[in-house]
Each structure stands twice: as structure tokens, then as C-alpha cells.
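Me: I am new to this structure and would like a close look at one part of it, the packing of the helices in chain A. Please go through that part slowly, and then say briefly how the rest of the model should be read.

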Amino acid sequence: MHWSLDLSPGSTSPLALLLHADIVVQIVMAGLLIASIWTWAIIIGFSTKLGGTRRKIDKFEKDFWKAEDIDAFYKLHGDDELPVARVFAAGVSEWRRSTAGGVVDREGIRERLATAMGSAVAGEADKLADRLNILATVGSVAPFVGLFGTVWGIMSSFTGIAAAQNTSLAVVAPGIAEALFATAIGLFAAIPAVIAYNRFSHGVNRIEARLVRFADGFHTTLSRQLEAKR
Amino acid sequence: MSGIAVSPILRPIPRERDDRLWIAIGLSLLAHIVLFTILSLLPPSPPPPPVAPMDVTIADDVGLKAGAPNTTVDPAESKAPDIGNPEDSAPPAPAEEKAEPAPPKPQPEAAPPPKPAPVAKPEPKKPAPPAPKPAPKAQPKPAVAAPAKPAAKPGKGTGSTANAIKPKARGLNFGSDYFKGASTKPSPATGTAPKSATMSQQAAMDIGQKIKQQVQPCANRQVNPGPGAERIRVTIRLKINRDGTLASRPVIVGHDGVDDDNRRYQRQVDDRAIATFMGCQPLRGLPPELYDVPNGWSDFSLRYKLPG
């Protein structure tokens with residue numbers, strides 16, 4: 001195997017294809033490359049973020065359901081930078097405020113607790129899903145952008161044929177190869193983006209469902225506590 | 001509404017840390033660069049299929065035609081008669097003997113302008129220059145030579161010959177064929193033509209070989225348009241710039257091996273031949289000293305044949 005940088009027009013190396021292409025095709029390819037880089041940056045960021053969050057939520061819930069005293073647990077973990085900890089803190093602070101002046105309307109307190117924790121869950125889910133829309137956009141648009149580059153490149157190739165008065169395939173083949181490279185880059189950017197979008201939106205949904213379950217469980221606990229309170 | 005205390009229930013969600021994002025972008029950028037470098041450096045995956053090598057031979061018949069005649073010699077010669085000092089160009093002594101005896105005096109005009117100069121310079125006078133000059137007017141050389149010499153005689157010496165002839169020479173329109181013959185002798189004397197390198201058959205073969213090697217990749221890419229097309233041999237004429245690029249589209253100057261079976265592919269073979277040479281320029285490594293010389297590679301003809 002020998003390594004060589006072949007930049008001649010007939011070569012299949014990506015760099016050569018990019019360098020010899022029409023200017024519009026070059027711009028399309030550069031944009032798609034940036035989109036691909038951005039996509040992968042988001043993918044890397046997401047996989048570390050989601051994995052870490054899931055693990056920390058596991059630990060938090062385990063600790064929570066084992067805790068004897070919720071107030072003590074709140075003091076210990078109430079300030080954790082964790083979605084589930086923030087939902088927990090929202091419930092606790094609403095509980096404290098509602099029960100500070102004595103219990104008057106139990107139904108009202110239950111509703112307020114549910115609303116507070118529900119909105120906390122929604123906020124966390126929103127935050128988790130941040131940038132997922134970029135993956136969706138790249139996944140759906142990149143192939144079309146690549147196709148545009150290809151169509152443009154092939155158009156200019158054919159214009160070249162007309163100008164050269166020569167129908168030989170060898171005259172147009174390099175131009176068409178360069179144009180097709182735009183579609184290749186478009187797919188190269190779009191395929192990982194679509195896969196990552198599906199995977200991460202699924203991950204975000206699961207975390208959101210866990211937060212909802214946790215909020216429901218905490219709500220029942222508080223609700224039970226409310227019965228005992230007077 | 002003074003009694004309501006507004007305080008946030010939800011803790012604010014901190015923004016994602018930027019440094020982590022930048023690390024992710026850096027990683028992703030690095031991965032892309034590595035991937036593209038590897039793809040760019042990898043040898044082309046499909047090794048070129050073993051194609052029969054393209055048949056390039058030197059088309060000497062056309063190649064010889066191509067060279068321009070040596071233009072460097074001609075101007076030197078044409079100037080000389082105009083200036084009026086042809087004496088400088090070395091002439092052999094024998095001229096005088098011939099000139100003097102030859103003649104009666106058919107030309108009265110020549111006599112009046114006798115010049116004093118004669119003695120020293122005239123000696124070198126060559127018979128050749130005077131004789132040929134008048135010649136052009138009347139085609140046959142020998143015939144004219146006789147009248148010319150008489151003119152010289154009356155003028156006492158050869159000096160007069162020079163004078164007498166010069167005026168005539170100015171108006172002359174040399175036929176090119178004639179001129180060639182005349183110029184062959186003086187050209188070595190003037191030494192203006194730098195003829196260090198010449199195009200030999202061997203050199204032409206070498207250049208053809210070099211061009212063939214360089215267009216081989218493009219030739220291998222050509223597809224046979226149909227059965228029998230590989231029998232067509234195309235003579236293609238390249239106009240090459242000094243830097244090895246083609247100065248213009250190659251021109252097809254002839255065909256060989258065209259028969260009824262493959263006649264319809266002739267045009268496509270032409271296109272492929274042109275595409276082959278257009279695609280693999282610039283041609284490198286051709287000897288620069290053989291560019292300008294007669295039959296040099298500024299204008300080079302090759303035979304091309306499809307592989308197979």
C-alpha cells in the first residue's frame with residue numbers, strides 16, 4: 001500500500017474532487033461539511049450528556065426512595081445540578097410554601113404541587129432536547145442541498161460539453177464525478193444526523209418519562225403527607 | 001395585589017457548559033480531517049484494469065512536414081544586398097578571373113560608375129553572389145549569369161560589378177526555392193543560426209515515448225465504442241506550448257485501418273484520441289532544447305489506437 005496525494009482531475013480522492021469542482025458546488029460541499037462537523041459535535045455532546053444524566057438519575061432515585069427523611073435528603077441533594085433534583089426541589093419548595101401558613105385547601109395544594117412539578121419536568125425535557133432540532137434539520141435538508149449541488153455541477157458539465165462540441169464521456173466524466181460528490185457529502189452528513197436524531201429523541205423521551213414517574217411518585221408521597229397534616 | 005409574594009418555584013436550569021460544546025466541536029472537526037486525509041491519501045481502491053497498452057507510434061510522415069523552415073538564416077541574407085556592402089561576405093578570388101575574361105560590354109550603364117574601391121575588396125568577391133542575383137529575373141541561372149558578368153567588366157574591376165549589380169538586387173523578388181539554394185553557403189559564415197540541437201529520429205522516438213507514458217492513464221480510461229474500433233489508427237497532431245500544455249485542441253490529420261465494419265466509430269475514436277491528449281496535459285520532461293528546432297516537439301504528431 002502506498003500513500004500518495006493525487007490531486008489530478010481524474011482522481012477519486014475527496015480533496016481532488018472538492019478542489020476541481022464548480023464554485024457553486026464547492027460552496028455547497030463546504031456548507032455540507034460544516035453541517036456534518038456540527039452534527040457530529042452535537043452527537044458527541046448528546047451521547048455524553050444523556051448517558052451521564054441517566055446514570056445520575058438512577059443513583060438519585062435509588063437514594064431518594066431509601067431516604068427516611070425527605071427534609072434531610074433535600075438539604076443534602078436539593079441543589080444537585082440534575083433534572084430530577086430540580087423537579088424534586090420544585091415539589092419541596094411548593095410544599096413548603098403551601099403548608100407554611102397551615103393547611104386550608106388540600107385539593108388546591110395537590111393541584112399546585114402537580115403543576116409545579118409538571119412544569120419543572122417540561123422545562124427539563126425542553127432543555128434536554130436542545131439542539132435536537134439541528135439534527136432533524138440536517139437530516140432532512142442535507143440530501144436536498146447535496147442534490148442541488150449535483151444538479152448544478154451536472155448542468156455546468158453539460159454546458160461544457162456543448163461548448164467543447166465533444167460528446168466523449170471522458171470530457172464530462174470528471175465534472176459529473178465532482179458533482180456527484182456533493183450528493184455523497186450530503187448523505188454523509190444526513191445519515192448520521194437522522195440516526196442520531198431518532199436515537200436521542202428516544203433517549204430524551206425516556207428521561208422525560210422517568211421524570212414524570214418520579215414527579216408522580218413524589219406527588220403521591222406529598223399527598224399522603226398532606227392527609228396527615230393539619 | 002400587594003399581599004402576593006412572587007418567588008420562583010423552579011430553580012433556573014443552568015446553561016450547558018460551553019467548554020464541553022467546544023471540545024465536542026473540536027473532536028468532530030478532528031475526526032473529519034482525519035477521515036478526509038485518509039481517504040485522500042489512500043491509493044485508488046480499484047487498481048487500473050490491465051488494459052493492453054495504447055499504441056502510440058511516431059508518425060514520421062506528418063512529423064517531418066510539421067517543422068517550420070529555418071527562418072533564422074533568411075533575414076541575414078536578405079539584408080545584405082540592401083545595405084550595399086556585400087563585400088563583407090567572404091568571396092573567393094576565382095570570381096575575378098571569370099568575370100574579366102568573359103565579356104563584351106552589353107551594358108553601357110555599368111561603365112560610368114566605376115569605383116575606386118575595387119582593388120582591395122573585389123578580390124574576395126565571390127562569383128556566386130553576383131551570378132545568382134540577376135538570376136531571379138530570368139529563371140534559368142546559367143543563361144543570366146553571362147549577361148551579368150559583362151557588366152562587371154567595363155567597370156575596371158570587380159568593384160564595379162558590385163555596384164552595378166546592387167541596384168538590380170534591391171528590386172528583386174527572390175523565389176523561395178532559389179533563395180534556399182543561395183543561403184546554404186553563407187549561413188555557416190554568418191553563424192547566426194544556433195543549431196546546437198537537432199531532432200533526430202531517435203530523439204523523436206524518445207519524445208514520443210515520453211508523451212505516451214504520460215497520456216497512458218488517460219488512454220486507459222477510454223472505452224472501446226464498438227467492435228473493430230480498435231483497428232482504427234488515428235494520426236493526431238499536437239501543438240504544444242513550451243510548458244507542456246497543449247496550445248490548441250489536437251487535430252486529427254489522418255486515419256488508418258478504417259474499414260466498413262468500423263467506419264461508423266471513426267468519429268468516436270477521434271474524440272477519444274483528443275480526450276486522451278487533452279486529459280493528460282501538461283506533458284512534462286520533454287527536452288527543452290528540442291522545442292524550437294525544425295521538427296521539434298512544438299508541433300508533434302503521433303499515432304493513436306484504442307487499447308484492445
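Reply: What follows starts with the helix packing in chain A and ends with chain B.

This is a predicted model, in which local features need pLDDT of at least 70, side-chain atom pairs count only at pLDDT 80 or more, and totals for chains, interfaces and linings use all residues. Residues are numbered from 1 along each chain as its sequence is written, while chains are lettered from A and ligands numbered from 1 in the order in which they are written.

Begin with helices H4(A) and H5(A), whose axes lie 9 Å apart at an angle of about 155°. Helices here are DSSP runs of H or I with at least four residues, strands are runs of E with at least two, and both are numbered from the N terminus. Axes are lines fitted to C-alpha atoms, for helices over the stretch in contact, and angles run from 0 to 180 degrees between N-to-C directions. The angle therefore makes H4(A) roughly antiparallel to H5(A), given that angles over 145 degrees count as roughly antiparallel, under 35 as roughly parallel, 65 to 115 as roughly perpendicular and the rest as oblique. The crossing of these two helices is right-handed; that is the term if the near helix is turned clockwise from the far one by less than a right angle, and left-handed if anticlockwise. Among the residues that meet are A:Val87, A:Ala90 and A:Trp95 of H4(A), and A:Met117, A:Ala120 and A:Val121 of H5(A).

H5(A) also packs against H7(A), with axes that come within 10 Å and cross at roughly 160°. That angle makes H5(A) roughly antiparallel to H7(A), and this crossing too is right-handed. Residues meeting here include A:Met117, A:Val121 and A:Glu124 from H5(A), and A:Leu211 and A:Ala215 from H7(A).

A:Val87 ties these helices together in the list of its contacts: beyond four places in sequence, they are A:Met117, A:Ala120, A:Val121, A:Glu124, A:Leu211, A:Phe214 and A:Ala215. Two residues are in contact if their C-beta atoms, placed from the backbone, lie within 7 Å.

A:Val87 also belongs to the largest nonpolar core, of 56 residues, and is one of those that touch the most other members, as are A:Met29, A:Leu32 and A:Met117. Such a core is a set of buried Ala, Val, Leu, Ile, Met, Phe, Trp, Tyr and Cys residues joined through C-beta atoms within 7 Å. A residue is buried if 20 or more other C-beta atoms lie within 10 Å of its own, exposed if 12 or fewer, and partly exposed in between. Helices H1, H2, H4, H5, H6 and H7 of chain A each give two or more residues to this core, and H7(A) gives the most, with 19.

The loop between H5 and H6 of chain A holds A:Arg131. Its phi is near 75°, a positive value in a residue other than glycine. Most residues other than glycine have a negative phi. A:Arg131 counts as partly exposed because it has 17 C-beta neighbours inside 10 Å.

Chain B has ten helices and four strands, and 29% of its 308 residues count as buried. Its mean pLDDT is 63, with 45% of its residues at 70 or more; pLDDT is the predictor's confidence in each residue, from 0 to 100. Over residues 93–103 of chain B the pLDDT stays under 50. Where pLDDT is low, the predicted coordinates should not be read in detail. For the complex, the predictor gives an ipTM of 0.79 and a pTM of 0.51.
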